Amino acid sequence: MIRKYTYGNPVETGAVIQKLPDETQPFSLMQLDETQDGIRLFLRMAREDAVYGLGEQVRGINKRGFTYISDALDDPQHTEGRHNLYGGHNFLILDRKKEPSFGIFVDDPSRTVFDIGETKLDELCIQAGPDCVIYTVEGESLKDIAKQFRELIGRSYIAPKWAFGYQQSRWGYACAADVREAVVGHHSRQIPLDAVYMDIDYMERYKDFTVDGEKFPDFAEFVSEMKAQGIHLVPIIDAGVKMEEGYPVYEEGMREHYFCTDADGKEFVAAVWPGKSLFPDVLNSKAREWFGGQYRFLMEQGIDGFWNDMNEPAVFYSERNLKKVMKELRSIEDDNLDLYAFWHLKGLVNGLENNPEDYRQFYHNMDGVKIRHDKVHNLYGYYMTKAAADAFEHIAPGKRTLLFSRSSYIGMHRYGGIWTGDNASWWSHLLLSIQQMPSLNLCGILYTGSDIGGFGCDTTQDLLMRWLEFGIFTPLMRNHSALGTREQEVYQFENTGDFRNIIRIRYGLLPYIYSEYMKAALDNEMYFRPLAFDYPQDAHAAQVEDQLMTGSSIMIAPVYRQNATGRYVYLPEPMMMVRMKSLEEKTCTVLEPGHHYVDIALEETVFFVKKNRMLPMAVLDEDVRNISGVDMERLEWIGFTDTEASYVLYDDDGISKQYAPKENWKKIVRTKEALDVTA
Ligand code: GLC
């Protein structure tokens, strides 16, 4: 049961796809106060209630005990005290033990605050509006509420099948030779790989939709050379367009008034990678169509995947603010700065970046309606990504193109996935990444994953191995790292054989991962779920913050602590533990419900099969190089049952948008004796 309440005069965000009438009864699930500044919603929570959702945020799966803010921000400090990351995912579910649970979605693209027991331990307070739409979702169970919400917001983006293979990225592949080296590095060690990413280095002076001809001579030829080796190249596109005379994207955008403007209608100038830049007004349908059309330049050269970045939009400094700050700095140049004066100076310089005041200085033309940016701030990444997705419908109709974004808002999940931005090579960020997954799935974002190994800081071999062992299960499995950090391609380390084994396990599990992803997308289900969603009656399941139900058959419990040779795992029911050192070396053990300490060596991948479930595992040749070597007909079945187990196998061509209808999903049943791998 979904109810809709409208306050003020909200903009159409496009988050939901169902047209619902406004509720005639007053809002009653929470106490609602309408104040001058907007809407305030309050609810007393019982101590045992849990709160799930909010997508990309820091901290745990249960969001209680902190204030989370939707206010898209480019900041790599994803630490416990951070209130906002790159997106706005304003959906949460209140899991109440003594009263009915419900979900609430606050469709408000401006700054929205969720104080989930930070100010008062047992009080939830949401601040939004004044212009917003609130949806409440009541249902029979957490899963039912989640599914109804997903039906409200529409089907999640589906990536091409090759984008479920292993992918390598690094900021710093400066020329074609660097990319070739990465490919050879994997192939010469028989480590499968499906894609290599091209970070900003490929562009000419960081200009979108250009390729530096010196670093990448004959780009189209290079793309096909890579394709011939089974490698897709995935270039980055940034939000800011460089101001440079003679650069067609800049000149055309200026001529047609496609960029965001200041209050007086002059283009708003802010600096990003290329220096002074302008932001395409992606909230304007004409500008959006124009910007999307630019992707053609790369697609015509054979590119079939993109990542959209810096689209919060990130601002290094605005022209306006820089002038102000420089003037003030000059005025204090000769001063003897005491504590507060020095802090003030530091604040001035640090405050240049992503300054909230800058977001109040520019405007969109939403098809005739002038709207100040801060009121729709969280939509920018969404509409930049929609620009690309809409264009793909014309440039590559009927074909899936890989697309994901850094900034997002609910609704964007229909057009692309996200990666979780600039994490660090920290063990705590491996755990954070595990915890973000179910929250993102709840908000419709299924094609997602984190920078494996960590983006900032230097990784270590053990961190990368453990992260990959978790990454095996994330739809986006991409190793990415920042300029200047230790090189973290898997072949940079000793024992590449261990890395090869881990990555091959991913390819072995692909029939399962792809089936589960596709069923989740087509059926509006969650691919990753907190344990409490599958075991609502089990009071302890809600306490588990580091294990995930993954698809229909398994649970994962990754190791995320350095030097740990194992971990505690909680089993809500009997499960079969599958321990793999490689695709070929598996052992299975049945474990009773309850707490277990499980040894998991550094090079081992472990997962747990639910009772009467099974899963397919592809048998791979030694020389499998990419997804085309995964034969969906050559499967082993791993199952746990005393009688028989079943599985619904999904497959399709992986590239067209002709998804298999439900009647073609293959239900397979095997008796215990007919399983290839069991305890
Ligand atoms: C941003 C992105 C990161 C990328 C870098 C350079 O920080 O989040 O992934 O490598 O920009 O383009």
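The numbered points below are a colleague's notes on this predicted model, beginning with the ligand site and ending with backbone features.

1. The ligand and its shell. The ligand is surrounded by Trp171, Asp199, Ile200, Ile236, Trp273, Trp307, Asp309, Arg406, Trp419, Asp422, Phe455 and His480. By residue class, this shell divides into 7 nonpolar, 1 polar and 4 charged residues. A reader new to the structure may wish to start here, since several of these names return in later points.

2. Polar contacts to the ligand. Three aspartates place polar side-chain atoms beside ligand oxygen atoms: for aspartate 199 the distance is 2.5 Å, for aspartate 309 the distance is 3.0 Å, and for aspartate 422 the distance is 2.5 Å. How much of the ligand does the protein bury? Taken alone the ligand exposes 310 Å², and the protein buries 98% of that area.

3. Aspartate 309. This residue is placed in strand E17, which spans residues 305–309, and aspartate 309 counts as buried because its relative accessible area is 7%, under the 20% limit. Besides facing a ligand oxygen atom at 3.0 Å, the side chain of aspartate 309 makes a polar contact of 3.2 Å with the side chain of arginine 406, and arginine 406 is itself listed among the residues around the ligand.

4. Tryptophan 171. Another residue of the ligand shell, tryptophan 171, is found in the loop between strand E11 (166–168) and H2. Is tryptophan 171 buried or exposed? With a relative accessibility of 18%, tryptophan 171 counts as buried. Its C-alpha atom is separated by 18 Å from that of glycine 275, and the two residues are 104 residues apart along the chain.

5. Salt bridges between distant parts of the chain. The count of salt bridges comes to 45. One of them joins the side chains of glutamate 138 and arginine 3, with N to O at 3.2 Å; glutamate 138 belongs to strand E10 (residues 132–138) and arginine 3 to strand E1 (residues 2–7), so that this pair links parts of the chain 135 residues apart. Both partners are partly exposed, glutamate 138 at 25% relative accessible area and arginine 3 at 24%.

6. A salt bridge between helices. Glutamate 225 and arginine 180 also form a salt bridge, their closest N and O atoms being 2.6 Å apart. Here glutamate 225 lies in helix H3 (residues 219–228) and arginine 180 in helix H2 (residues 176–187), a separation of 45 residues. Glutamate 225 is partly exposed at 25%, and arginine 180 is likewise partly exposed at 35%.

7. A further pair, and a network. The side chains of lysine 207 and glutamate 204 meet in a salt bridge at 3.0 Å, N to O. Lysine 207 is buried at 4% relative accessibility, whereas glutamate 204 is partly exposed at 28%. Elsewhere, salt bridges that share partners join Asp74, Asp309, Glu312, Arg406 and Asp422 into one network.

8. Cis peptide bonds. Most residues other than glycine have a negative phi, and most peptide bonds are trans. Against that background, a cis peptide bond joins glycine 129 and proline 130, with omega of about 10°, and proline 130 is found in the loop between strand E9 (123–128) and E10. Another cis bond joins glutamate 312 and proline 313, with omega of about -10°; proline 313 is in the loop between E17 and strand E18 (317–318).

9. Positive phi values. Which phi does arginine 205 have? Although arginine 205 is not a glycine, its phi is positive, about 45°; this residue lies in the loop between strand E12 (195–198) and H3, and arginine 205 is partly exposed at 46%. Asparagine 354, too, has a positive phi near 45° and is in a loop, between H8 and helix H9 (356–359), but asparagine 354 is buried, with a relative accessible area of 9%.

10. A surface patch and a buried glycine. Leu339, Tyr340, Phe342 and Trp343 make a nonpolar surface patch of about 470 Å²; tryptophan 343 is in helix H8 (residues 339–350) and is partly exposed at 48%. Glycine 444, in the loop between helix H11 (427–442) and strand E23 (448–449), is by contrast buried at 0%. Its C-alpha atom is 8.0 Å from that of asparagine 524, although glycine 444 and asparagine 524 are 80 residues apart in sequence.

Key:
Residues numbered from 1 in each chain as written. Predicted model: local features only at pLDDT ≥ 70, side-chain atom pairs only at ≥ 80, totals over all residues. Heavy atoms only, no water. Patch = residues over 30% accessible without salt bridge, like charges linked within 9 Å, V, L, I, M, F, W, Y side chains within 5 Å. Areas by Shrake-Rupley, 256 points an atom, 1.4 Å probe, with all protein chains shown as cover. Salt bridge = Lys/Arg side-chain N within 4 Å of Asp/Glu carboxyl O. Helix = DSSP H or I, 4+ residues; strand = E, 2+ residues; numbered from the N terminus. Buried < 20%, exposed > 50% of the residue type's maximum accessible area, 1.4 Å probe, protein only. Near = heavy atom within 4 Å. Polar contact = N/O pair within 3.5 Å; in protein donor to acceptor, adjacent residues only side chain to side chain. Nonpolar A, V, L, I, M, F, W, Y, C, P; charged D, E, K, R; others polar.
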